[in-house]
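Please walk me through this model as I sit at the viewer, telling me what to select at each stop and what is to be found there.

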Amino acid sequence: MREYLMLLLSTVLVNNVVLVKFLGLCPFMGISKKTDTAVSMGLATTFVMTMASASCWMLEHWLLMPLGMVYLRILVYILVIAVVVQFTEMVVRKTNPALYQVLGIYLPLITTNCAVLGIPLLTTQEKLPFVNSLLYGFGSAAGFTLVLLLFAGLRERLALAQVPGAFIGAPIGFITASLLALAFMGFAGLV
Amino acid sequence: MKLFRLRGGVHPESRKELAADRAIRVLPMPGRLYVPLLQHVGAPAQPLVNVGDKVLKGQLIGAGQGVISAPIHAPTSGRVLAIGDFPAAHPSGLTAPTITIEADGEDRWLETEVASDPFALTPDEIAARVAAAGIVGMGGATFPSAVKLNLSRKNRVRTLIINGGECEPYITCDDRLMRERAAEIVEGVRLIRHAVGAIEIMVGIEENKPAALAAMQAAAMGTEVRVIAVPAMYPMGWDKQMIRALTGREVPADGRTADIGVLVHNVATAYAVRDAVRFGRPLVSRLVTVSGGSVVEPGNLEVPIGTLVETLFQYCGGFAGKPARMVLGGPMMGVELATAAVPIVKGSSGVLALTSGEIGSVQPAPCIRCSSCVRACPVGLLPLDMAAHIRAGDSTGSVALGLKDCIACGCCSFVCPSHIPLVHYFNFAKGELMEQERVKLKQEATKKLADARNERIARIARERAEAAAKRKAAREAKERAAKEAAAKAATEVV
Amino acid sequence: MFFAVVSLTILGSAMGLFLGYAARRLEVEGNPLVEEIQAILPGSQCGQCGFPGCAGAAQALADRSAPITLCPPGGRAVVQALALKLGVEANLSDVKDNVPMIAEVKEEICIGCTRCFKVCPTDAIMGAAQQMHSVFREACTACGKCEEVCPTESIKLQPIPVTLHAWYWHKPVIQPMQAVSA
């Protein structure tokens, strides 16, 4: 149990996927203008990432390794991720058309979110058992959601601030993101 | 009496000493009076006279229309010179419908109905007399007083508060009125109480007016009216602040004072009510403070409604040097005047001519988030956040922070160390939202019209098609009948 | 090699079949968004956006093939409502902040041809043949259709004069800070 908790803490805060590993930066900058859309995006990504971690582990251990096709790993992983994303998109569209409109192009773009491919590859590399892989994926996604929400809150306030002309928009966003990344460095050594 | 703790507020220099000790003088009747048809909150009055008509002082010249409105009366006897647009006392400098009256110098009153014992009148009669006299809130809110009386009676108001706050710097007209005509005010207060059936009557007077306090206390001796000193601070004259000070109760954000069983009237309104109920005289004149560093001889004048502001300044000895700014009302909430050729209306408590030393203009600097404005706000809002939303073009966002509750008292702008024009932002946003509301209403209305038109066009087309089909059917039936008849005839022949 | 080809083919087809089945089960009928957008639009079918009517414009907006700033009579209010509905940034600088206009008939040259009131989408023009026409201010959306058909150029869009009732404070303009000399 302790091990799992440590794993979660480590993935959410210490090795945060966005601010420490610098994966998944495009949705981090793209979908962080409003807190409510940021949360929705975070939840969709969490679902995809957890599912992808689980199914990639299964494919890796039950298909690729027994047949000695590990050289096809990236290809197969991308296939699986694309299917999960497509499925998520259908579900969201059916159950919540408004959210579907709000997420817009970023929903299919979860496919190309490098964090979604990166996390299964990392779990494979570290040869984690199934439950650990699942938690690794979920924890990383939770960390992604947390950071997205924090950053969206900051940007909502930034939109009201008087910023020097040259820094309006993305530049001040990047500066803020870097400060946030510095803050997350403070978690190093926690676990 | 124990007073309750107040929220926010500021202590600007009062500068009341300029005019406070000058006794009320009656302004000689000017040659022409310009009486705007809209001097109150609500719908403008409908003119009842024509150009060239002779009118008597106190004659009804504009009838109130709608539920919230007030009638307008001739301030002197004379002839109607024009009915048309005239610059209004408004920061935009735009014109408003105005009746111009040329005084004949006789100042002859219309025969009015004098009540020998006004306390024998029923509450309904008192309210009717107040309505007919065109009395509005004279502290500056200009809400029709009769509407307020009726509303209060319906809500069974328990407490009647008479507002002698007069917290605006410079302005001393209520102070002088209380000092010189305390007995009349107390009678007016008791008449209002009679009209609404309140149980408790309190007159709140700021403690920086000891003479007015003493005079009112002497006049109220032996009556049910209690005169209470309240701390001198701005905005003490805001009705909800006065209620909080005297009763400790808070008026709900989107409610009226009547919701918590309180009715608030200004002292000058009480005085006007007494005139209307006892003598049947409508509201045709009011006390106006003329003050400011540029005025040679500041003072308090009794002025007929419709007198031009410049006439007041001339009577007070003109200007000592060109004034840097002319203001109608107090310096905190009054409106800047582009020209002095605008008329005094029922809600004008003062006219100020200020020197450049008195106004001070500093370039605004960025907000340092010191939160002085939050502490100063008597409503308990966050002026800095509201202004930030409005500056970023998000007026709707500032509504969530309470923009609709802002009373534009100016405390936040007054204390801001960065001199940010906070109230200006709020006024802009309120106007913008109102405009959006208007556009939305219009769009809904035109959408209905467009739908109705489309439906009508479709219906006409359908009816035409039906009629055509019917005609065709009739024609075919006729042809068929003719054919059958011919066939029959043929067979018979055969 | 053989295993790789076969297993990937099987894997790909299985996932394709799964997605195809899911698409059948989770099919969405039409686009509920179009109706919601149409409710936001003014509905006067004026055609200034270039689409035949508000329904066409709503379809284009839902497909994201038209900018949310397409509706001139709607003004800023409609742009903001659309931005909220579609979850996009409202770039208000694109909205021509045109002064509110209204059609006005020049009485001297109106010949009473009735063409304008036949095209008015909101029945805002009153008149009859050989009679002078006039405009109801509250109903006119300034779509300009009447202006196009008028043979004598007597009906024209004019800016609505600002009244005391409609006037409000302009937005405060803050000059950039002056250098403070110590």
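The tour below goes from chain A to the contacts of chain C and then through chain B.

**Before selecting anything**

This is a predicted model, in which local features need pLDDT of at least 70 and side-chain atom pairs count only at pLDDT 80 or more, while totals for chains, interfaces and linings use all residues. Residues are numbered from 1 along each chain as its sequence is written, and chains are lettered from A and ligands numbered from 1 in the order in which they are written.

**Stop 1: chain A**

Select chain A and colour it by pLDDT, the predictor's confidence in each residue on a scale from 0 to 100. The mean for chain A is 88, and 100% of its residues reach 70 or more. Among the elements of chain A, helix H7 (residues 130-158) has the highest mean pLDDT, 94, and helix H5 (residues 97-103) the lowest, 74. Helices here are DSSP runs of H or I with at least four residues, strands are runs of E with at least two, and both are numbered from the N terminus.

Next, select residues 6-31, 43-64, 70-87, 99-122, 134-154 and 166-190 of chain A, which UniProt, in an unreviewed entry, lists as "transmembrane region". UniProt positions are given in the numbering used here, feature names are shortened, and annotations may be inferred rather than shown by experiment. Over residues 6-31 of chain A the model is 58% helix and 0% strand, with the end C-alpha atoms 29 Å apart. Over residues 70-87 of chain A the values are 83% helix and 0% strand, and the end C-alpha atoms are 26 Å apart.

**Stop 2: chain C against chain A**

Now show chain C beside chain A, where 16 residues of chain C are in contact with 17 residues of chain A; contact requires that the C-beta atoms of two residues, placed from the backbone, lie within 7 Å. On the side of chain C that touches chain A, helix H1 (2-25) and helix H2 (32-40) of chain C each supply at least two residues, and the largest share, 10 residues, comes from H1(C). By class, this side of chain C has 13 nonpolar, three polar and no charged residues. In this scheme Ala, Val, Leu, Ile, Met, Phe, Trp, Tyr, Cys and Pro count as nonpolar, Asp, Glu, Lys and Arg as charged, and the others, Gly among them, as polar.

**Stop 3: chain B against chain C, and helix H14(B)**

Keep chain C and add chain B: the contact takes 31 residues from chain B and 26 residues from chain C. H14(B) gives the largest share of the side of chain B that touches chain C, 20 residues, and that side divides into 14 nonpolar, 10 polar and seven charged residues.

Select residues 457-484 of chain B, which the unreviewed UniProt entry annotates as "coiled-coil region". Over this stretch of chain B the model is 100% helix and 0% strand, and the end C-alpha atoms lie 40 Å apart.

Then add helix H11 (residues 383-391) of chain B, which packs on helix H14 (residues 422-493) of chain B at an angle of about 55 degrees, with the axes 9 Å apart. Axes are lines fitted to C-alpha atoms, for helices over the stretch in contact, and angles run from 0 to 180 degrees between N-to-C directions. H11(B) and H14(B) are therefore oblique to each other, given that angles under 35 degrees count as roughly parallel, over 145 as roughly antiparallel, 65 to 115 as roughly perpendicular and the rest as oblique. Residues of H11(B) in this contact include Met386(B) and Ile390(B), and those of H14(B) include Tyr425(B) and Phe426(B). By class, the contact of H11(B) with H14(B) has nine nonpolar, no polar and one charged residues.

**Stop 4: helices H4(B) and H5(B)**

Select helix H4 (residues 182-196) and helix H5 (residues 210-220) of chain B, which pack at about 55 degrees with their axes 8 Å apart. Ala182(B), Ala183(B) and Val186(B) in H4(B) meet residues of H5(B), including Ala215(B) and Met216(B); the contact has eight nonpolar, no polar and no charged residues.

**Stop 5: two backbone details in chain B**

Finally, select Tyr234(B) and Pro235(B), which are joined by a cis peptide bond with omega about 0 degrees. Pro235(B) lies in the loop between strand S11 (225-230) and helix H6 (239-247) of chain B. Thr142(B), in the loop between helix H1 (123-132) and helix H2 (145-154) of chain B, has a positive phi of about 50 degrees although it is not a glycine. Most residues other than glycine have a negative phi, and most peptide bonds are trans.
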